[in-house]
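Subject: Structure handover

Hi,

Here is the structure I promised to pass on. Please look it over first, then read my notes below.

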Amino acid sequence: MLEKLPDVIGHALHDVRAGLDQLVFNTLGLRSGLAAIEVSSLAFVDHAPIPDRYTADGIGHSPPLQWAKVPADVASLVLLVEDADSPTPNPLVHAIVVDLPPQDGGIAEGALASSEHDGTGLHTGRNSYLQSAWLPPDPPPGHGVHRYAFQIFALKPGDAFSETPGRDELVDALRARAVASGLLIGTCERPDGSVKVGKTESVPFGMTPAAD
């Protein structure tokens, strides 16, 4: 995965980012005049680091999420998780979940299927690796902070989703049926492992640096 990329690639791509303006939340025009859903997590606060437990550096479970202020009489909710800072034209999709019951108020830790974890049987779509699963945050070393957008959309009744909907199918449905949206952002950064010139400690000639 991306943690295996050389640091030099992360540096070279540092300014190559999809951008927040390419998130579905920001491209569909849903924010103007529509209800705002409150999205939160017991694992991290908005714009704060996502604990390693929920990333490729930990066990990689999906984090717990909660939502509130969902409009009445909506048919279902959709969860879309995108990496706004992926070095790709569009944000990297980390998860798609459709047909979430609005009254549930959230999903538990590990609710989404992931590597070596079955999840709880939610109706998941395809991430950018074409897997019907949660793709844990996994930014390239040295690429800087990545912002992961947990986007919730409330949908009015309409056509059923396919078995494993992708981003395009989801966007078409949102354009036709979405009536409210909410956003929570968590961050993740994989530090540069290379040694910086001038950052090493001075060691007297003939002596060996002490082991950690």
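Read from the start of the sequence, the chain runs α-α-β-β-β-β-β-β-β-β-β-α-β. That makes 3 helices and 10 strands.

Please bear in mind that this is a predicted model. The mean pLDDT is 85. Of the residues, 80% reach 70 or more. Two stretches fall below 50. One is residues 1-13, which still has 26 contacts beyond near neighbours in sequence. The other is residues 194-212, where the model shows 4 such contacts.

Some overall numbers come next. The chain has 212 residues, and 44% of them count as buried. Its accessible surface is about 10900 Å². Carbon and sulfur atoms account for 54% of that surface. Now take the contacts between residues at least 6 apart in sequence: 76% of them join residues at least 24 apart.

Now the charged pairs. Side chains of opposite charge can pair when their charged atoms come close. The whole structure holds 7 salt bridges. I describe some of them here.

1. Lys69 and Glu38

These two side chains form a salt bridge, with 3.1 Å from N to O. Glu38 sits in strand 2, residues 38-40. Lys69 is in the loop between strand 4 (65-68) and strand 5 (76-83). The partners are 31 residues apart in sequence, so the bridge ties together separate parts of the chain. Are they buried or exposed? Lys69 has 58% relative accessibility, so this residue counts as exposed, the cut-off being over 50%. Glu38 is partly exposed, at 41%.

2. Arg190 and Asp57

The N to O distance in this salt bridge is 2.7 Å. The pair links distant parts of the chain, 133 residues apart. Arg190 lies in the segment after strand 10 (178-188). Asp57 lies in the loop between strand 3 (48-49) and strand 4. The relative accessible area of Arg190 is 9%. Arg190 is therefore buried, since the limit is under 20%. Asp57 is partly exposed, with a relative accessible area of 46%.

3. Asp138 and Arg190

Arg190 also has a salt bridge to Asp138, at 2.8 Å from N to O. Here the partners are 52 residues apart. Asp138 is in the loop between strand 8 (123-124) and strand 9 (146-155). Both Asp138 and Arg190 are buried. The two side chains also make a polar contact, again listed at 2.8 Å.

Which residues are linked with Arg190 in a network of salt bridges? They are Asp57 and Asp138. If you open the model, Arg190 is a good place to begin. Look for Arg190 in the segment after strand 10. From there, follow one bridge to Asp57 and the other to Asp138. Asp57 is partly exposed, whereas Asp138 is buried.

One reminder for when you browse the ends of the chain: the pLDDT is below 50 over residues 1-13 and over residues 194-212.

Best wishes

Technical notes:
Residues numbered from 1 in each chain as written. Heavy atoms only, no water. pLDDT = per-residue confidence, 0-100. Contact = heavy atoms within 4.5 Å. Helix = DSSP H or I, 4+ residues; strand = E, 2+ residues; numbered from the N terminus. Buried < 20%, exposed > 50% of the residue type's maximum accessible area, 1.4 Å probe, protein only. Areas by Shrake-Rupley, 256 points an atom, 1.4 Å probe, with all protein chains shown as cover. Salt bridge = Lys/Arg side-chain N within 4 Å of Asp/Glu carboxyl O. Polar contact = N/O pair within 3.5 Å; in protein donor to acceptor, adjacent residues only side chain to side chain.
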